[in-house]
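User: Could you walk me through this chain? I would like to go from the overall fold down to single residues.

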Amino acid sequence: MSTMTRDDAGASTGASRTVGGLALALVSALTFGLSGALARGLLDTGWTPGSVVLVRISVAAVLVAPFGAYAMRGRWDAVRPNLALVLTYGLLAVAGAQFCYFSAVGHMQVGPALLIEYTAPAAVVVWLWVRKGERPGPLTLAGAGLAALGLVLVLDLLSGAGLSVPGVLWALGAMVGAAAYFLISAHEDSGLPALALAAGGLIVGGASLGLLGLVGVLPMSSSTQDVTMAGSSYAWWVPLALLGVVTAAIAYVTGIFAIRRLGSRVASFVALIEVVAGVLWAWLLLEELPNGLQLLGGLLILAGVVGVKLGERDVADGLLVHE
């Protein structure tokens with residue numbers, strides 16, 4: 001009887017952890033997805049991608065750093081062994097992913113750039129298969145296929161879009177950064193609190209982008225012209241504040257907590273909802289109305305996420321049986 005009670009308690013805890021992780025992942029995807037619509041208004045008034053990303057990350061770093069420091073109380077000895085992890089996270093997952101994505105958009109349409117970047121979940125599955133022997137099951141592969149088809153529909157690529165070689169290369173760089181974000185954020189056994197990892201990564205990312213701007217590698221320009229969103233004009237600092245607070249600080253923190261509950265594979269597929277969110281935000285703020293195929297694509301992405309989650313559970317059950 002006691003064994004059954006412990007099993008039931010463990011199952012309940014696991015289910016609660018999964019539900020909490022999915023809720024956090026949804027918040028992260030919705031907030032990350034807002035960044036494109038907000039940044040578009042700034043870019044149209046003369047801001048460069050580098051300056052938008054730098055301000056976005058710097059604001060988030062200032063907000064998250066105190067919480068990260070508080071989370072590290074009594075754990076500062078964990079900084080040195082995780083220094084390389086934090087540096088890699090800041091350079092690849094924060095600065096690298098965003099800089100490469102905005103650079104890709106400078107050479108190609110947003111849709112194809114997003115599609116290439118969001119092949120990251122497939123890269124995560126392949127990495128876990130090659131490095132850790134976590135071979136994906138049939139349900140995982142089927143879910144991945146549904147999600148990929150959903151992305152094609154959501155991004156409205158069936159009408160045809162030209163691709164440029166530089167744009168594709170930059171988008172592939174963004175894909176590497178996104179994959180690194182999911183894999184590194186899943187390091188729950190590193191001893192580094194989630195808030196500390198988020199704060200450290202944002203500080204490193206902001207500092208690296210600032211350095212690139214100082215040496216002239218990253219073009220920096222800005223404007224105080226009002227930004228038009230949803231048919232209304234707003235002061236230039238409004239979208240900047242939203243980018244830093246909502247699409248960076250909240251998005252990264254909730255994302256890391258979600259990944260540590262769901263694992264890098266599942267979280268990376270749930271994050272595909274960000275693309276759906278991006279389309280919806282563009283509809284609300286930029287009056288870009290999604291069509292029926294795009295809405296169908298969103299449903300396919302959700303179905304794909306469910307398939308990946310069920311596939312992961314089957315793999316885990318199989319491992320337990322073999323043990």
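User: Thanks! What percentage of the residues in the chain is buried?

Analyst: Happy to help; please keep in mind that this is a predicted model. The chain has 323 residues. To count as buried, a residue needs a relative accessible area under 20%. The share of the chain's residues that are buried is 47%.

User: How many helices and how many strands are there in the chain?

Analyst: Going from the N terminus, the elements read α-α-α-α-α-α-α-α-β-β-α-α-α-α. Among the contacts in this chain with a separation of 6 or more, 88% join residues 24 or more positions apart. As for the count of elements, the chain holds 12 helices and two strands.

User: Let's look at a helix pair. At what angle do helix α2 and helix α8 pack?

Analyst: Two packed helices are described by the angle between their axes and the distance between the axes. Here α2 covers residues 49-71 and α8 covers residues 194-214, and their axes are 7 Å apart. The crossing of α2 and α8 is left-handed. The angle between them is about 145°.

User: How many residues of the contact of α2 with α8 are nonpolar, polar and charged?

Analyst: On the α2 side the contact includes Val53, Ile57, Val64 and Phe67, and on the α8 side it includes Leu195, Leu202, Ile203 and Leu209. Gly68 of α2 and Gly205, Gly206 and Gly210 of α8 also take part, and Gly counts as polar in this scheme. The contact divides into 16 nonpolar, four polar and no charged residues.

User: Gly201 caught my eye in α8. Which residues is Gly201 in contact with, leaving aside its neighbours within four places in sequence?

Analyst: Gly201 lies in helix α8. Its relative accessible area is 0%, and the limit for buried is under 20%, so Gly201 is buried. The C-alpha atoms of Gly201 and Ala61 are 8.4 Å apart, although 140 residues separate the two in sequence. Beyond its sequence neighbours, Gly201 is in contact with Val86, Tyr89, Gly90 and Val94.

User: Now the aromatic rings. Is the pair of Phe99 and Trp170 stacked or edge-to-face?

Analyst: By the ring-centre rule there are seven aromatic pairs. Phe99 and Trp170 form one with 5.5 Å between centres and 85° between planes. The pair links helix α3 (Phe99) with helix α7 (Trp170), 71 residues apart. Planes over 60 degrees apart meet the cut-off, so this pair is edge-to-face.

User: Are Phe99 and Trp170 buried or partly exposed?

Analyst: Phe99 has a relative accessible area of 22%, and Trp170 has 30%. Buried requires under 20%, and exposed requires over 50%. Both values fall in between, so Phe99 and Trp170 are partly exposed.

User: And which residues form one aromatic cluster with Tyr181 and Phe182?

Analyst: Tyr181 and Phe182 make an edge-to-face pair, 5.1 Å centre to centre with 65° between the planes. Both Tyr181 and Phe182 are buried. The residues that form one aromatic cluster with them are Phe32, Tyr89 and Tyr252.

User: One last residue: how far apart are the C-alpha atoms of Val266 and Leu310?

Analyst: Val266 is in helix α10, residues 264-270. With a relative accessible area of 1%, Val266 is buried. Val266 and Leu310 are 44 residues apart along the chain, and their C-alpha atoms are separated by 9.7 Å.

Note on methods. Residues numbered from 1 in each chain as written. Predicted model: local features only at pLDDT ≥ 70, side-chain atom pairs only at ≥ 80, totals over all residues. Heavy atoms only, no water. Axes fitted to C-alpha atoms, helices over the stretch in contact; angles between N-to-C directions. Helix = DSSP H or I, 4+ residues; strand = E, 2+ residues; numbered from the N terminus. Left-handed = near helix turned anticlockwise from the far one by under 90°. Contact = heavy atoms within 4.5 Å. Phe/Tyr/Trp six-rings, centres within 6.5 Å; stacked < 30°, edge-to-face > 60°. Buried < 20%, exposed > 50% of the residue type's maximum accessible area, 1.4 Å probe, protein only.
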